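Biologist: Could you zoom in on one helix for me and tell me how it sits against its neighbours? I'd like the residues and the geometry.

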Amino acid sequence: MQPVIDVKVLKDNPKVRIYLERADKHLEGIGYTEHGLRHATTTAAFSQKILRSLGYNQDLIRLAGVAGFLHDIGNVCGRVNHGQSGAIIANSILSEMGMPSMEIVGIMEAIGNHEEEFGQPTSEIAAALILADKSDVHRSRVRTTRFINFDIHDRVNYAAEKSDIQVSKKNRTISLMIKINTEISQVMEYFEIFLSRMIICRKAAKVLSCEFELIINENKLL
């Protein structure tokens, strides 16, 4: 009988933790916001929440959590094309853990397509992962406040005091809710760096037969 691999099993796996920690260390070295265990856990939880709220089955919800937890593991090889390298690493780890190939391919597809520059959401798992990943905007991801005056990414993230994703199965909407402190960053700055993310979120929501909404400071902007 093949083992059931879920987020809890991955969290307890020493190799997975080492890879995620080293991947985050690499991004810290090149000046990126936090992409470690906190982001992995949040993305996994959001991915599962989206599919659970829309009534998908437990297996698909579980696999979305796995994809969410492992989606940035490819950063250990470098930032460029980390989705593709992450899919290959995930395949290696999950195969070693005994996950069935039919489950692994869906996770590889999702991880390999989660980057907004060239990702294409073509499955429920990939769509949930994209929406979850792009929704994790929060000041806790900023490693230091020393740069918020001149680094727009740090400034926008630091200005985000609260973010959440709300799903309405009845209205078929997936809403990213953000509270931004406009004394730190203007809403326009959010669009300046995250426009491409919002575009892929709209594509992802369509895969789930939903509309994507962006609500900042209780104002619906998309």
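Modeller: Here's a walk around that helix, one partner at a time.

It's a predicted model, with local features needing pLDDT of at least 70 and side-chain atom pairs counting only at pLDDT 80 or more, while totals for chains, interfaces and linings use all residues. Numbering runs from 1 along each chain as its sequence is written, and side-chain values use heavy atoms, without hydrogens or water.

My pick is α5, residues 82-96 (helices are DSSP H or I runs of at least four residues, numbered from the N terminus). α5 packs on α6, residues 101-112, with the axes 7 Å apart and an angle of about 160° (axes are lines fitted to C-alpha atoms over the stretch in contact, with angles from 0 to 180 degrees between N-to-C directions). That angle is why α5 and α6 are roughly antiparallel (over 145 degrees). α5 passes α6 in a right-handed crossing (near helix turned clockwise from the far one by less than a right angle). On the α5 side, G83, Q84, G86, A87, A90, N91, L94 and S95 meet I104, I107, M108, I111 and G112 of α6 (contact is heavy atoms within 4.5 Å). These contact residues split into seven nonpolar, six polar and no charged (Gly counts as polar; Asp, Glu, Lys and Arg as charged).

Now for α2, residues 14-29: its axis comes within 11 Å of that of α5, crossing at roughly 165°. So α2 and α5 are roughly antiparallel too, and their crossing is right-handed. Here K15, V16 and Y19 of α2 touch I89, I93 and E96 of α5. The tally for this contact is four nonpolar, no polar and two charged.

Conventions. Helices (H or I, at least four residues) and strands (E, at least two) are DSSP runs, numbered from the N terminus. Angles under 35 degrees count as roughly parallel, over 145 as roughly antiparallel, 65 to 115 as roughly perpendicular and the rest as oblique.
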